[in-house]
Amino acid sequence: MLTALKNFFRNRCLKKHANGLETGIIPVSSVRSAAVLINAHSEDFRQAETEVKEYFRQKKISAEIIYLDTSRNKKGMSAISSPESTIYSKDLNWYGKPSKVKCGALLSSNKDIFIDLTRSDEFAAMFISTAYPAKFKIGCCSSSGSDPFNIVVAPSKDADAGAVEIFKHIAAILESIR
């Protein structure tokens, strides 16, 4: 019963907060700003963060990294570089939507491209991907079947593909767009 209620509110929330921007595929040469969502509990998130920053620095594109840290186990976790761009489990309501304060700060700026490297079925990741105001959205496929992305990536048959592998695959796709 609780699952059905959560799903009802989640679907309603996604419809309400869906970004109304017209999206489409744009070449990297036209991109001036980017936002990347990374799961802070993936084993390679620091390496993925470095890869993302280096890629966009080389392209002279302003990049913002948003961290999703919804694990309740904080043992051994070092502080993520910027708490204001991190969504913690305490920032989520009972059905998984980030708070208005957190959403307002993260979703206030329009970006040319949004990349979701979480490869997660968590509602918070789906909400951010759906609500983020970007002209072009790329992300991994989810089991929900309602991806808000212009391009959906399935990097390999390996179920343990990390954020670095996913980003390299996405970077290759971005380079092929003319």
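In the predicted model, S33 of strand β1 stands opposite S62 in strand β2, and this pair belongs to a parallel arrangement in which seven bridges join β1 to β2, the latter spanning residues 62-69. The connection between the two strands involves helix α2, residues 45-58, and together β1, α2 and β2 make a β-α-β unit that is right-handed. Strand β1 also pairs with strand β4, residues 111-116, again in the parallel sense and over four bridges; here the bridge partner of A34 in β4 is I113.

The surroundings of β1, which comprises residues 33-39, are mostly covered, as seven of its seven residues are buried. In a regular strand the side chains alternate between the two faces of the sheet. For β1, this burial extends to both faces, with S33, A35, L37 and N39 buried on one side and A34, V36 and I38 buried on the other. The residues named in the two pairings thus fall on opposite sides of the strand, S33 on one and A34 on the other.

A comparable degree of covering is found in helix α4, residues 123-131, where nine of the nine residues are buried. The buried residues of α4 include the aromatic F123 and F127 together with M126 and I128, and they also include S129 and T130, as well as the alanines A124, A125 and A131.

Helix α4 further contributes to the lining of an internal cavity. The structure holds one cavity of 30 Å³ or more, and the volume of the largest cavity is about 70 Å³. Its lining is made up of 11 residues, among which D116, S120, M126, C140 and F149 lie nearest the centre. Three of the lining residues come from α4, which is the largest share of the lining. M126 is accordingly named both among the buried residues of α4 and among those nearest the cavity centre. In terms of residue class, the lining is mixed, with four nonpolar, four polar and three charged residues.

Outside the regular elements, D91 is found in the loop between β3, residues 86-88, and α3, residues 100-106. Despite this loop position, D91 has a relative accessible area of 14% and is therefore buried, the limit being under 20%. When residues up to four places away in sequence are not counted, D91 touches T86, K97, P98, S99 and K102. Of these contacts, T86 lies within the residue range of β3 and K102 within that of α3, the two elements that the loop joins.

How values were computed
Residues numbered from 1 in each chain as written. Predicted model: local features only at pLDDT ≥ 70, side-chain atom pairs only at ≥ 80, totals over all residues. Heavy atoms only, no water. Buried < 20%, exposed > 50% of the residue type's maximum accessible area, 1.4 Å probe, protein only. Pairing = 2+ DSSP bridges. Right-handed = clockwise from strand over helix to strand, strands pointing away. 1 Å grid on protein atoms, 1.4 Å probe; cavity = no way out; pocket = protein on both sides within 12 Å on 5 of 7 lines; lining within 4 Å. Points joined across faces, edges and corners; volume = space filled by probe spheres on them. Nonpolar A, V, L, I, M, F, W, Y, C, P; charged D, E, K, R; others polar. Contact = heavy atoms within 4.5 Å.
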